[in-house]
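Hi,

Here is the structure you asked about. Please open it first, then read the notes underneath.

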Amino acid sequence: MLAEKPADQTTQTPAGQGNYLKTTKSLCPEDLRVLDAELWEVDGQVFMRKSCPDHGTFEDIYWSDYEEYARAERFRDHGTGLDQPIESKLGCPRDCGLCQNHQTHTILVIMEITNRCNLNCPICFARAGELDGYNDLTLEQIRSILEYTQRNNYPLRVLGAGNSGGEPTLRDDLPEILQMEKELGFDYLLTMTNGIRLAEDFNYFKKLSDTDTWLYMQFDGVSSEPYLKTRGRDLWPLKQKVIENARKLGYGKIALIPTLAKGVNDHQVGDMIRYCVENSDVIKFIVFQPVSFAGRIDTNQLKEMRITTSDVMRLTEEQTGGQIKKSDFFTIPMNQTMAKMMTKGDRHQDFCVHPHCGLITVVDHSKGKLDPVPRYVKNEEFHAKMTRAFEQNKSRPGIMWDLATSLVTYVNPRLWLKFAPVLMMTKSRKSIKSVLTEWLPSRFLTIGIMHFMDPYNFDLDRVNKCALHFGVIDREGQPRLMPFCSMNTIHRASYSSGNGEKREASPDAAASAQQQAA
């Protein structure tokens with residue numbers, strides 16, 4: 001439960017004089033027991049502070065820019081919760097499921113279809129490659145996870161399925177898996193890959209391209225040096241080969257996923273954005289992920305390598321010469337109101353994620369410069385007016401009227417002719433999918449920031465509003481869903497990829513290290 005900020009509460013923290021922001025639940029980084037934690041604003045930054053009776057006090061930077069933290073918070077959109085949750089018996093976050101405490105439906109279900117990997121990355125949060133290859137999920141297990149995902153989220157339909165690992169392209173039957181996902185009604189398919197096989201096996205790449213999957217490709221920079229530090233080998237030539245092969249295939253569904261670490265590749269943020277623009281025929285998205293101190297990474301380097309969401313915003317502004325500013329990024333839950341606008345208030349996908357989980361901006365680069373779309377929209381006013389319309393339960397004609405007048409009032413005429421037909425004519429979840437995955441990428445570059453948590457900055461408030469969920473098989477051989485960051489920080493050791501015999505699992509194992517709960 002969150003506490004409201006007392007108007008006059010200040011204290012001295014190790015980081016300096018601070019102003020109290022909220023109380024949440026977090027973890028002891030040493031034994032993962034649940035602890036009370038507080039967020040404080042100190043000298044314009046946000047810190048998390050918590051104390052364990054056995055291991056002492058921990059303090060970590062949460063957001064490096066309080067003003068941006070507060071701006072994101074203004075767009076918090078509370079979810080309605082699930083209609084079909086499982087019952088949590090041990091208490092959140094010990095037996096994730098999704099349970100009755102979870103407030104957001106699944107946007108994307110991610111399955112680690114294999115633990116095998118052709119790399120041994122020093123920063124891998126999945127510790128991929130540390131188990132034997134026979135631990136691949138079977139096709140029957142994958143089907144059961146996909147079917148369970150729909151049941152757990154009913155009456156909403158989950159449209160996104162992500163195939164991860166390990167390295168998913170090590171499975172020769174990946175095209176078959178993707179086809180099964182399509183047959184089960186998932187129409188936004190992702191393959192999360194390091195790209196090695198796609199660079200070296202053109203025929204395999206062609207088979208994947210025929211399935212209509214998006215490639216979310218690990219991409220840590222535009223030179224050799226970052227890869228030597230993050231992946232243990234020079235992958236830069238192979239990354240370029242993937243782009244070359246995609247171009248030969250006429251394949252234009254690639255998103256680049258850089259893992260950012262301070263002192264490793266944070267100086268190449270602007271260069272990576274420019275690389276996307278230069279290859280915009282095949283690259284449509286870039287999503288920066290500040291490194292998470294979970295899994296294989298050396299946690300002794302936390303203070304030297306920690307980078308936060310607002311750091312990425314600042315670096316983007318600095319390294320694009322101000323063409324993209326911090327103010328051009330907006331928090332993801334704004335999409336909830338956007339989705340309602342597109343469906344005119346009807347049922348849609350649930351975008352009520354936590355305001356501090358991710359940010360996004362959209363950039364027009366058609367005239368040789370980076371021109372952020374949000375700069376031409378009075379976003380906060382537009383968002384506020386349409387949110388009020390939905391809160392007042394206005395009729396469909398009333399919503400249409402507010403939408404039309406808002407477009408005229410809050411959107412620069414330069415964009416009106418581009419966006420008005422899309423907003424006025426879309427009316428279903430299928431329309432939203434078409435806009436986000438076809439219309440938008442064909443015209444603009446989307447830049448995202450998504451900071452996954454670790455035991456040092458774990459915030460249960462964020463977990464309860466997570467919309468990226470791992471699909472796993474428990475020790476009873478049953479499917480269940482895990483919020484992304486609770487899986488990585490708490491439950492991963494209990495849900496390693498594999499068959500039923502190797503899946504030691506579940507709530508009891510996850511709880512064994514947490515008996516001293518707050």
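Below is what turned up, from the whole chain down to two helix stories.

Please keep in mind that this is a predicted model.

Start with the overall picture. The protein has 18 helices and 18 strands. It has 518 residues, and 61% of them are buried. Now take the contacts between residues at least 6 apart in sequence: 69% of these join residues at least 24 apart. The exposed surface comes to about 20,500 Å². Carbon and sulfur atoms supply 50% of that area.

Next, look at helix H10, residues 309–319. Why is H10 described as largely enclosed by the rest of the structure? Eight of its 11 residues are buried, so little of the helix is left open. The buried set begins with Thr-309, Ser-310, Asp-311, Val-312 and Met-313. Leu-315, Thr-316 and Gln-319 complete it. Just after H10 comes Gly-321, with a positive phi of about 60 degrees.

Now the helix pair. Two packed helices are described by the angle between their axes and the distance between the axes. Here the pair is H5 (residues 202–209) and H7 (residues 236–249). Their axes come within 11 Å and cross at roughly 60 degrees. That angle makes H5 oblique to H7. The crossing is right-handed.

Which residues meet there? H5 brings Phe-202, Phe-205, Lys-206 and Ser-209. H7 brings Val-242, Asn-245, Ala-246, Lys-248 and Leu-249. By class, this contact has five nonpolar, two polar and two charged residues.

Best wishes

Methods. Residues numbered from 1 in each chain as written. Predicted model: local features only at pLDDT ≥ 70, side-chain atom pairs only at ≥ 80, totals over all residues. Heavy atoms only, no water. Helix = DSSP H or I, 4+ residues; strand = E, 2+ residues; numbered from the N terminus. Buried < 20%, exposed > 50% of the residue type's maximum accessible area, 1.4 Å probe, protein only. Contact = heavy atoms within 4.5 Å. Areas by Shrake-Rupley, 256 points an atom, 1.4 Å probe, with all protein chains shown as cover. Axes fitted to C-alpha atoms, helices over the stretch in contact; angles between N-to-C directions. Parallel < 35°, antiparallel > 145°, perpendicular 65-115°, else oblique. Left-handed = near helix turned anticlockwise from the far one by under 90°. Nonpolar A, V, L, I, M, F, W, Y, C, P; charged D, E, K, R; others polar.
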